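Subject: Handover of a structure with bound ligand

Dear colleague,

Please find below the structure that I am handing over to you. A summary of what was found in it follows.

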Amino acid sequence: MIHNRINFDEALALYEMDFFELGDLADAKRKELHGNKTYFNINRHINPTNVCADVCKFCAYSATRKNPNQYTMSHEDILKIVAEIDERGAKEVHIVSAHNPNVTLEWYLGIFKKIKTQYPHLHIKALTAAEVDFLSRHHTKSYDDILDLMIENGVDSMPGGGAEIFDEKVRDFICKGKVTSDQWIEIHQKWHERGKKSNVTMLFGHIESRENRIDHMMRIRALQDKTGGFNCFIPLVYQTENNYLNIKAPITANEILKTMAVARLVLDNVPNLKAYWVTSTVNLALVAQEFGANDLDGTIEKESINSAAGAKSANGVVLEDFVALIKNSGFTPVERDSVYNEINVW
Ligand code: V47
């Protein structure tokens, strides 16, 4: 039984609090859960194709008129990257693609099997619920079939992408036609029911309201009450360049930090809050450590989705710099694995 749960109106009212008092509340909750530790992992993002059957207005990554450069990697190309990162000590490979109608289901799934067979120690975090929904529609299979195939082929956990904003009106405007909010939640519920973990994101700083953000968090909290399968909540700051959403004024740092703090307080049942430095900038992610965030994702090495929309993340960060930044901001850098077991205190 969870006492003193923050309701919708109370969550909205948190935004009106004094900025630093709100930060202190979130910081107290973060300290209660994680003390002074800031988690990160040594990971690599691979985005094997940008050819997409869906058209999300906020996306600068998929190949469209704005980005005519289509690509689809071969399994050999992907395995070459995996060999390099394994050599460098990466623990996780994060594989997310666009929704490519020109390749087989075997192309999507076979790569996991090959990676798992050759590198059984690497954690494979792959396929967003949006991809699961696309694969199910395109290859006329049920969600259950796709999720079982993912497990059979070696996927360990699911990333949190594709959640965007659950409010149906906003969702219809920014990404009509792809996985609905109810479907996104259904897919993660089914994944959790298989004893597997996943993350959950929220894309904010575009046309959504504070109410939409709270509603998004409430829907996550409700599923987490049922399954307990979410490891981490990741608010993704909308990047403004090269896409069709055409938002002129980026969200302010103040509003980003408030949203992090509100998330820490509302999502009382989700253990980790990630300040994804790719979309918030490294500097703001470091400050977010004092507004509830206890995770800074990882070194990433290469990133294509957000950097296409203007984020300065294309080449990741150097491990030693990352660790030094966390230390210099007064926190203890703790390398974790993909499901939050501690590997090394730096
Ligand atoms: O779902 C697309 C977002 C997501 C833009 O689970 C944009 O550990 C900002 O989900 N501005 C993919 N965001 C990335 C993602 C993710 C990243 C890191 C860690 C994890 C995890 C998940 O990127 C998409 C979409 O919401 N995105 N375009 C944009 N213009």
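Which residue in β7 does C232 stand opposite? The residue is N272. Please note that the model is a predicted one.

The strands around this pair may be described next. β5, β6 and β7 form an open sheet of 3 strands, in the order β5-β6-β7 and with parallel pairing. β5 and β7 (272-273) are its edge strands, each of which pairs on one side only. Between β6 and β7, the parallel pairing runs over 2 bridges. In general, the strands of a sheet pair through backbone hydrogen bonds, in either a parallel or an antiparallel sense.

I now turn to the ligand. The ligand sits in the largest cavity. Two elements, β5 (198-204) and β6 (230-237), give two or more residues to the shell around the ligand; these two strands also belong to the sheet described above.

There are 24 residues around the ligand, and those that come nearest are K125, G160, G162, E164 and Q239. By class, the shell divides into 11 nonpolar, 9 polar and 4 charged residues.

Three polar contacts of the ligand may be of use to you:

- Q239: a polar backbone atom is 2.7 Å from a nitrogen atom of the ligand.
- N306: a polar side-chain atom lies 2.8 Å from a nitrogen atom of the ligand.
- G161: a backbone N or O atom lies 3.3 Å from an oxygen atom of the ligand.

As to cover, the ligand on its own has 620 Å² of accessible area, and the protein covers 95% of that area. Q239 thus appears twice in this account: among the residues that come nearest to the ligand, and with a backbone atom 2.7 Å from a ligand nitrogen.

Yours sincerely

Key:
Residues numbered from 1 in each chain as written. Predicted model: local features only at pLDDT ≥ 70, side-chain atom pairs only at ≥ 80, totals over all residues. Heavy atoms only, no water. Near = heavy atom within 4 Å. Polar contact = N/O pair within 3.5 Å; in protein donor to acceptor, adjacent residues only side chain to side chain. Areas by Shrake-Rupley, 256 points an atom, 1.4 Å probe, with all protein chains shown as cover. 1 Å grid on protein atoms, 1.4 Å probe; cavity = no way out; pocket = protein on both sides within 12 Å on 5 of 7 lines; lining within 4 Å. Sits in = over half its atoms within 2 Å of the grid points. Helix = DSSP H or I, 4+ residues; strand = E, 2+ residues; numbered from the N terminus. Nonpolar A, V, L, I, M, F, W, Y, C, P; charged D, E, K, R; others polar. Pairing = 2+ DSSP bridges.
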